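Hello,

I am passing on the structure we talked about, since you will be meeting it for the first time. Please have a look at it, and then read my notes underneath.

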Amino acid sequence: LASRLVKWRRWKDAEVLAVNIADAARNTLGSEHAHTLTSIANLASIYAFRKRWDEAEKLEKSVLEVRQRVLGDHHPDTLASMQNLGSTYANQGEWGEAKAIFSFLVEEHGSALDDTDPDLLRRMHFLASTYANLGQWKAAETMLDTILTRKRKI
């Protein structure tokens, strides 16, 4: 229901429901349970949709910290949390932080994926955009050329 409310742009209703879901999950399942972390990440996404970057960043960092500790740096849920935090940094213009996260996602994790994996290509695009926002035009162009080559291969 909360995701449907987001789709309908009923932000306040979605937020109220997401807070209740996260609190209930935390109270019944514990603060490190996968469903609790997903609930908190969903609430962070609602904050991000509403451009409440500080609140989104705080929740994303907390979810990422637990997922890294419990699941490790290369678990898909951890990587998704990294991507969300990187996007929040980018939306705030914190390009250095965004670059660090997207570089890790592409360079460290990308080697484990097929070079046409949609998640990898999406993360490469985030990194290319970050390069462009940092004025690193050659790096952005090279990354975008690589993405285009890989998409043509698909």
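Below is what I found, going from one helix to the next. Please keep in mind that this is a predicted model.

**Helix H3**

A good place to start is H3, which covers residues 34-49. At 1.5 Å a residue, its 16 residues should span 22 Å, and the end C-alpha atoms are indeed 22 Å apart, so the two values agree. Many residues of H3 are buried: Thr 36, Leu 37, Ser 39, Ile 40, Ala 41, Leu 43, Ala 44, Ile 46, Tyr 47 and Ala 48. What do they pack against? The partners of these buried residues are helix H1 (2-7), helix H2 (11-29) and helix H4 (53-71). After H3 comes Lys 51, and its phi is positive, near 65°.

**Trp 53**

Trp 53 belongs to helix H4. Is this residue buried or exposed? Its relative accessible area is 18%, and under 20% counts as buried, so Trp 53 is buried. Leaving aside residues up to four places away in sequence, Trp 53 touches Ala 48, Thr 88, Asn 91 and Gln 92. Of these, Ala 48 is also one of the buried residues of H3. By contrast, Ser 3 lies 50 residues from Trp 53 along the chain, and their C-alpha atoms are separated by 19 Å.

**H5 and its two partners**

Next, please turn to helix H5 (residues 76-91) and helix H6 (residues 95-108), whose axes are 8 Å apart and which pack at an angle of about 155°. Angles over 145 degrees count as roughly antiparallel, and H5 and H6 are therefore roughly antiparallel to each other. The crossing of H5 past H6 is left-handed. On the H5 side the contact includes Leu 79, Met 82, Leu 85 and Tyr 89, while H6 brings residues including Trp 95, Ile 101, Phe 102 and Leu 105. Sorted by class, this contact of H5 with H6 has 11 nonpolar, three polar and one charged residues.

H5 also packs with helix H7 (residues 118-133), at an angle of about 25° and with the axes 12 Å apart. That makes H5 roughly parallel to H7. Here, too, H5 passes in a left-handed crossing. Leu 79, Ala 80, Gln 83 and Ser 87 of H5 meet Arg 122, Arg 123 and Phe 126 of H7. By class, the residues of this contact are three nonpolar, two polar and two charged.

Happy exploring, and best wishes!

How values were computed
Residues are numbered from 1 along each chain as its sequence is written. This is a predicted model: local features need pLDDT of at least 70, side-chain atom pairs count only at pLDDT 80 or more; totals for chains, interfaces and linings use all residues. Side-chain values use heavy atoms; hydrogens and water are left out. Axes are lines fitted to C-alpha atoms, for helices over the stretch in contact, and angles run from 0 to 180 degrees between N-to-C directions. Helices (H or I, at least four residues) and strands (E, at least two) are DSSP runs, numbered from the N terminus. Angles under 35 degrees count as roughly parallel, over 145 as roughly antiparallel, 65 to 115 as roughly perpendicular and the rest as oblique. A crossing is left-handed if the near helix is turned anticlockwise from the far one by less than a right angle, and right-handed if clockwise. Contact means heavy atoms within 4.5 Å. Ala, Val, Leu, Ile, Met, Phe, Trp, Tyr, Cys and Pro count as nonpolar, Asp, Glu, Lys and Arg as charged, and the others, Gly among them, as polar. The expected span of a helix is 1.5 Å times one less than its number of residues. Buried means under 20% relative accessible area, exposed over 50%, partly exposed in between (1.4 Å probe, protein chains only).
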